[in-house]
Amino acid sequence: MLDRRQFLKSSAMTAATLAASRLAAGEPKRNSPHLRVLDGVRWDKAPCRFCGTGCHVQVGVKEGKVVAIAGDQQAEVNKGLLCVKGYHVALALYGKDRLTKPLLKEDGAYKEISWERAIDIVSDRVMRDPAGFAFYGSGQWTIPEGYAAQKFIKGGLANNQIDPNARLCMASAVTGFLSTYGVDEPAGCYDDLDACDVCILWGNNPAEMHPILFSRLMDRRSRGEKVTLIDIGTRRTRSTQFSDHYLEFRPQTDLAIANGVMHLLLKNDTYDKEFVAKHCNFRGDSEPATLPGKQIPFEEFKAKIDKYTPEYVSEISGVPEAQIHMLASLFGRRDLKITSLWCMGMNQHTRGTAINNLVHGLHLLSGHFGTPGNAPTSLTGQPSACGTVREVGTLAHALPGGRVVANDDHRKQVEEIWNLPPGRVSPKPGYHTVAMWESFSKPKEAGGDIHTIWVQVTNPGQTLPNVNKLFKPSRKLEDKFLIVSDVYPTATTMHADLILPSAMWVEKNGMFGNSERRTQQWFKMVDPPGEARDDVWQTLAVARRLYDRGFPGMKDKNGRFLFHMEENGKEIESWNFQRYYDHNVDEQLFEEYRKFSKLKHKDLAPYQEYVKHRGLRWPVVQDEDGSWRETRFRFSEFDDRYVGKGKKFDFYHSTSKDGRAQIWFRPYEPPPEVPDGEYPFWLCTGRVLEHWHSGTMTMRIPQLRAAMPQAYVEMNRQDARRLGIGSGQVVELQTRRGRLKLPAWIDGRGQPPAGSLFVPFFDENLAINELTLEAYDPFSKQPDYKKCAARLVVGAK
Amino acid sequence: MGTRLPPSGVETTRMMYIGAAALLASLVGFLSVVRDRQAPDGFSESPAEVAGTAPGALSYSELRARQDPESLGLYELGLKQLREALPALTDAVVQTEGDRANALRMRASNRAFNGAPPTVPHAVDQSAEPNCLACHQTGVVIAGKVAPAMSHAPFVSCLQCHVVQKAPAGLSETPYAGNEFVPSLGFAQKGSRAWSGAPPTVPHSAWMRENCGSCHGVTGRLGMRSTHPDRANCKQCHALSAEFDQRAFSSALVLSDAAEPLPSAGH
């Protein structure tokens, strides 16, 4: 046996020899500087595959397989800790039913086909009618994956038919940021959680959904610090158990609460006059309503909000007046640092943009903004909803780097960077998610002009609202074709015409962008199973096939391939999978994409900087000494290089072009569907700790599945008594859109108030989205999964 | 609440364990200084029970409301006795290689891999953070089974890492294509000794394992136990590993990235 010294010596020598041979073959060194080998296990860094928190894990690889996961102690986000999903993340690679071959549905059965044929079939669908070919992606797309799809659709097919599942998840947060600050994404970061005195959860349950952020905040109590937690929710959750105050409100009335607090700040004269005078404008709806709205005088704002007295707010919301006063007194204090967190509760809301505006407005009005601990911060549910969807702009109306298709200058800039002939990029937005699937679900004669959707990295067959209306009808229409790239059989692949097996997570190179503007990078560590291949490669291979067939959109203005890449003066055959990892295609795509990032001051560093770090928060600005410096607090002079000297705060993308943020008046309006005699319950849907989204990965991890094996309907004890329902008893849940049999759980994981029900959406066998409502926010087009009317039938056969 | 935990058709030891856990849950609830909350029911068995035909048991808050100091003293004594059932620090430790193999096997049985947080082999309150520390801070013995002391400092949200092994009754498991790590990261081998008689080095990461006594002290399984658990400052003799603990890495280690071949380029 080698002793330690010998081992080090010999491994160093082997490394040197191999490095030399790689150089001889002209292969770039792509290994991570963080890589270390212990007892034959290679450890390297990667961000977790699951939520938007963006923890880093250490991935241990032996004999070509992942054998262990550890929390990454060098990671600023999670500081070595993970949640139960993170500790088990790599088991998601090894489910026994991984998709390993391209599968084509013929006469109702799936047949294995070659990748060659699969690429041909996808290309055929484009060639027959490029205008009706759409991409449906996700916030789990890596940045290069989303960028490739974006360029494929907007630069290649020029039809703007691309939208992501993130539309269902954080679109209202985006419209909220845009209409408040003129530019998307939070100004604060997770450092606020280390500094705040008060943390307010707006319809948010981070103890289960963002556990690492929750423990980062709450573990401060173990260290003897005082953290006041306030839970504003529609049901008691695990987070409620830690909270000092619980404000239970009737669904939709969060708007009334926020207005009520602002009303008191004005009435008590405890708002931050200096901050408001220097840095804010007031805003209200324009006619017709537009996202930027119109400026209104302070007096008008005051008059409009005047009716939101504690009595009135309490009457609408059910929250006691004393609690509204309590919130207002906290916001009225300058000596307390207040951070607000929210996620789906505020975003999956038919008044999503409005409630986002109000929470931002509350922080602006009270000056609880822009210093460590004072921040309104939206959390994302997907690992790259920010990095890919919001920054790359994989939305029907958007272009990379905060640009939009409707803006002439923006299109020109994009055409220039992509080397396209002028006029290539279409000014007309494509369909947003609900409209895209509606079009796909309608025959062509009836106006359904989308004939093909290529789905990557998501599961719309389970996660679209009202799937019986938006997803299933197309499956009976002759001329519709569904292509799905995925890693496991899902509720979507089971309806697909063509299934493409994908590589996942550390089976490929990747980059994510988390909730706090942190861009992260990892390297491929293991091979994907069978013939599974990278999603980026899939997109590039189809693009190249189209180019070879003479499809004009896949040529730039010099006639070169749209995705032309070079290394050392030689063209990279990115479409040739045998040669794909001879180069770092991710780095190539990212370096091109990076050029887009400066317009909105979301500067990204070169790829190699992300190789060195556990992520960097943009804007990442280069210092005079050549080093790259991240930004923790945007718009704040002490940290953001783009704020001019002496300004203290500068909202440099202000919609009013004067460096000010907008405090909106947004009235409470009732929801589109409310409980009535026929459907007397509120129905809310959401997630649980153990499962991530539609459960396709976590339901294949034994430890997670054993702990939470199926969906259930959570109900209040009083309702259960009244209806004679016991825990575990199977009841039928019905809405105007569908029905589902589920076991009841009384005082289970969460406790809804009387008259409310909750069902998690992870279970593909008990798909709650056959029942949910597809009504959406007018600005963000994000549907409301959190409230509709339902009834329970006991003893249904 | 404890008395309503579901009976199930599993083997007797498990029943005893569940029963003990239930009893303990009651003790903990009674002693708990956490704020008032609804009684922590799991799934109850019979619909009638909640439908009002059977009287419900008292909630902890109701029990507390009775302010029965006599019972309170009993419960406190009960917990103390459970703690005292642990071996004494000075008890002689006699263990074999077979004990060690058994300990490692048991250890593997509730972890996905070496380093994964162990799953919880008893029912827990799903709706709230249970007072895990009542038992797991120091460790206790219940019906002959040891609830080990925690290996790491208490974080507030235990259930975000430790999930139950078995779903609450009423949620049924369905067969599925499971998975596992093959190969798996095996459990740490014995530490190295400079020479016979030298103290062995620590052969695993000490991250989240600051309390050596959790596994190697009196709550540890026989086979992994230290012969001298009374000596409290373990790390003064047993050297930790910087590499295991993700601290400093020598440049030679960084260079050794080719110790195993890179993933292949394609197929």
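How many aromatic pairs are counted over all chains? In this predicted model, the count over all chains comes to 42 aromatic pairs. One of them brings together A:Tyr271 and A:Phe298, whose ring centres lie 5.8 Å apart with the planes at 45 degrees, so the pair is classed as tilted, since that angle falls neither under 30 degrees nor over 60. The points below take up the aromatic contacts, the charges placed over rings, the backbone features, the barrel and one helix of chain A, and then chain B.

**Aromatic pairs and a cluster**

- The tilted pair links distant parts of the chain, because A:Tyr271 belongs to the loop between α9 (254–267) and α10 (273–279) of chain A while A:Phe298 belongs to helix α11 (residues 298–305) of chain A, 27 residues apart.
- The two partners of the tilted pair fall into separate burial classes: A:Tyr271 counts as buried at 13% relative accessibility, whereas A:Phe298, with a relative accessible area of 22%, is partly exposed, the cut-off for burial being under 20%.
- A further pair is formed by A:Phe275 and A:Phe649, which meet edge-to-face with 5.2 Å from centre to centre and 65 degrees between the planes.
- This edge-to-face pair also links distant parts of the chain, with A:Phe275 in helix α10 of chain A and A:Phe649 in the loop between β27 (628–629) and β28 (661–664) of chain A, 374 residues apart.
- Within the edge-to-face pair, A:Phe275 is buried with a relative accessible area of 5%, and A:Phe649 likewise counts as buried, at 9% relative accessibility.
- A:Phe275 and A:Phe649 are also members of one aromatic cluster, in which they are joined by A:Phe177, A:Tyr181, A:Phe369, A:Phe635, A:Tyr642, A:Phe651 and A:Tyr652.

**Charges over rings**

- The charged end of A:Lys524 is placed over the ring of A:Tyr581, at 4.5 Å from the centre of that ring.
- In a second arrangement of this kind, the charged end of A:Arg544 sits over the ring of A:Phe561, 5.0 Å from its centre.

**Backbone features in loops of chain A**

- The peptide bond leading from A:Glu287 to A:Pro288 is cis, with omega near -10 degrees, and A:Pro288 itself lies in the loop between β12 (280–284) and β13 (294–296) of chain A.
- A:Trp618 and A:Pro619 are likewise joined by a cis peptide bond, for which omega is about -5 degrees, and A:Pro619 is placed in the loop between β25 (616–617) and β26 (621–622) of chain A.
- A:Asp39, a residue other than glycine, has a positive phi near 50 degrees; A:Asp39 is found in the loop between β1 (36–38) and β2 (41–47) of chain A and counts as exposed at 61% relative accessibility.
- A:Asn419, again not a glycine, has a positive phi near 55 degrees; A:Asn419 lies in the loop between α17 (408–417) and α18 (433–441) of chain A, and at 17% relative accessibility this residue counts as buried.

**The barrel of chain A**

- In chain A, 6 strands close into a barrel with mixed pairing, and their order is β29-β33-β30-β32-β31-β34.
- From one strand of the barrel to the next, the twist averages 45 degrees.
- Among the barrel strands, β31 (residues 730–734) and β32 (residues 739–746) of chain A pair in the antiparallel sense over 5 bridges, and A:Val731 stands opposite A:Leu742 in β32(A).

**Helix α15 of chain A**

- Helix α15 (residues 352–365) of chain A is made up of 14 residues and reaches 20 Å from its first C-alpha to its last, which is close to the 20 Å expected at 1.5 Å a residue.
- This helix is mostly covered, in that 14 of its 14 residues are buried.
- After α15(A) comes A:Gly367, with a positive phi near 70 degrees.

**Chain B as a whole**

- The secondary structure of chain B comprises 8 helices and 2 strands, and from the N terminus on these elements run in the order α-α-α-α-α-α-β-β-α-α.
- Chain B has 267 residues, of which 41% count as buried.
- Among the contacts in chain B with a separation of 6 or more, 74% are accounted for by residues 24 or more positions apart.

Conventions:
Residues numbered from 1 in each chain as written. Chains lettered and ligands numbered in written order. Predicted model: local features only at pLDDT ≥ 70, side-chain atom pairs only at ≥ 80, totals over all residues. Heavy atoms only, no water. Phe/Tyr/Trp six-rings, centres within 6.5 Å; stacked < 30°, edge-to-face > 60°. Helix = DSSP H or I, 4+ residues; strand = E, 2+ residues; numbered from the N terminus. Buried < 20%, exposed > 50% of the residue type's maximum accessible area, 1.4 Å probe, protein only. Lys NZ or Arg CZ within 6 Å of the ring centre and 35° of its normal. Pairing = 2+ DSSP bridges. Axes fitted to C-alpha atoms, helices over the stretch in contact; angles between N-to-C directions. Expected span 1.5 Å × (residues − 1). Contact = heavy atoms within 4.5 Å.
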